[in-house]
Amino acid sequence: MIMQTDRKRSDSEPFADQEKNVGGEALVKSKQILIIAVMLVVTTAVNAFLEHIIQPSSLVFVYLVPTIAAVIYFGTWAAVLSFTAGFFIFNFGFVEPYYTLHISNPQDIYNVVVYFGIAGLITYLINIVRRQNSFLTKRLDRVSLIEEMTREYLLLTPIEETSLSESLAETLRARVFAQLGQLAVKYIRVSLDAPVLVFFRENDGRLKLWAKSSVDLEVTEKENAAASWTLTNGDVSGAGTLTQTDTPYYFIPLKSLEGVIGVLGILYDSKDLFPEQRRLLAAIANLTTLVASGWMRLKSPVNQ
């Protein structure tokens, strides 16, 4: 009975989370609409004062102020709501005949047409600026990520040490490969929320799995075959490529001057990768190769 109760509770948790998310989004949207309504009320009060100072037909342009604020802080939908509501308020309260939606004065018709044109243009231009700002923010985040990633990788760069014994060199190499694998998994997961496999070449030429994103992640013969093909041919394989397409993983070779020293496997279709993701994967592969190849070249005194 207790197990059934726990199971029902766990099954109901995702739906509860979804309801919370929907309720939270509805609350945020309601607050935004309330803010837009307050801005329109304030603008209308300002127009009621300005009506005695300037030509009433020009007051419609004052409603562009809440439109600009709405598109900057809330998005396109808020801007459309703001300038549409502003038009109806202006038409109802400041255009003769009052308290109707009829427009008889050609000057008022001209101002309304210009108003909608300017409102649409402002919304479009601000959206372009917002997209560019988002793009620049993502680019800065990616640069910061690469800097952090480079710093962590360089901490594992080998130092030539002639006093290392063969057993100590092998032990250090094994530890570094394990850490390298975990670093590669960590930063690939930042870019792609997908399972990751990291292979390195052994001294006998075979591949060994050194890291994976989950201990429960199973590696079948298809993955091993595709990874071995990538090691041998030095080219990508798997999902989204022309070779070894029977596996859902995408395999990337780790190429050094001495040849391919390892393989990265990602449970992702390579056709769905964005250019930024491809560049980040290339940076991770290059850094992993740089450090791993250094440890592979490191020889103990017996082998020198």
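Helices and strands here are DSSP runs, a helix having at least four residues and a strand at least two, and both are numbered from the N terminus. Keep that in mind when you meet a label such as β3 or β4: Gln244, for instance, is found in the loop between those two strands. One more thing before we start: what you're looking at is a predicted model.

Let's begin with the whole chain. It has seven helices and five strands, and if you walk along the sequence you meet them in the pattern α-α-α-α-α-β-β-α-β-β-β-α. There are 304 residues, and 36% of them are buried. The accessible surface comes to about 17,900 Å², with 61% of it belonging to carbon and sulfur atoms. Now take the contacts in the chain with a separation of 6 or more: 62% of these are between residues 24 or more positions apart.

Next, zoom in on helix α3, which covers residues 76-93. Here's a nice check you can follow yourself. The expected span of a helix is 1.5 Å times one less than its number of residues. With 18 residues, α3 should therefore span 26 Å, and its end C-alpha atoms are indeed 26 Å apart, so the two values agree. Which residues of α3 are buried? They are Ala78, Ala79, Ser82, Phe83, Gly86, Phe87, Phe90 and Asn91. To read that list, it helps to know that an α-helix has 3.6 residues a turn, so residues three or four places apart point the same way.

Some of those names come back when we turn to the aromatic rings. Phe83 and Phe87 belong to one aromatic cluster, together with Phe88, Tyr115 and Phe116. Across the whole structure there are 11 aromatic pairs. One of them joins Phe92 and Tyr99: the ring centres are 5.7 Å apart and the planes stand at 65 degrees, so this pair is edge-to-face. The cut-off behind that label is an angle over 60 degrees. As for how covered the two partners are, Phe92 has 40% relative accessibility and so counts as partly exposed, while Tyr99, at 59%, counts as exposed. Rings can have charged company too. Lys29 lies over the face of Trp77, 4.8 Å from the ring centre, and the charged end of Lys208 sits over the ring of Trp210, at 4.2 Å from its centre.

Stay with Tyr99 for a moment, as its backbone is worth a look. Most residues other than glycine have a negative phi, and most peptide bonds are trans. Tyr99 has a positive phi, near 60 degrees, and is found in the loop between α3 and α4. Pro97 lies in that loop as well, and a cis peptide bond joins Glu96 to Pro97, with omega at about -5 degrees. Gln244 also has a positive phi, near 50 degrees. Is Gln244 buried, partly exposed or exposed? Its relative accessibility is 25%, so Gln244 counts as partly exposed.

Now for the strands. They make an open sheet of five, in the order β2-β1-β5-β4-β3, with antiparallel pairing. The edges are taken by β2 (207-212) and β3 (237-238); each has a single partner strand, so one side of each is left without a neighbour in the sheet.

Let's cross the sheet from the β2 side. Five bridges join β2 to β1, and in this pairing Phe199 stands opposite Leu209 of β2. The hairpin of β1 and β2 has five residues between the strands, and there Gly205 takes a positive phi near 95 degrees. Strand β1, residues 196-201, is mostly covered, with five of its six residues buried. β1 also pairs with β5, again in the antiparallel sense and over five bridges; here Val198 has Leu264 as its bridge partner in β5. Moving on, β5 (residues 259-266) pairs with β4 (residues 250-256) over seven antiparallel bridges, and among the partners are Phe251 and Gly265, the latter in β5. As you trace these strands, remember that in a regular strand the side chains alternate between the two faces of the sheet.

Notes
Residues are numbered from 1 along each chain as its sequence is written. This is a predicted model: local features need pLDDT of at least 70, side-chain atom pairs count only at pLDDT 80 or more; totals for chains, interfaces and linings use all residues. Side-chain values use heavy atoms; hydrogens and water are left out. Buried means under 20% relative accessible area, exposed over 50%, partly exposed in between (1.4 Å probe, protein chains only). Contact means heavy atoms within 4.5 Å. Accessible areas come from the Shrake-Rupley method with a 1.4 Å probe; for residues, only the protein chains shown count as cover. Rings of Phe, Tyr and Trp (its six-membered ring) pair if their centres lie within 6.5 Å; planes under 30 degrees apart count as stacked, over 60 as edge-to-face and the rest as tilted. A charge sits over a ring if NZ of Lys or CZ of Arg is within 6 Å of the ring centre and within 35 degrees of the ring normal. Two strands pair if DSSP finds at least two bridges between them.
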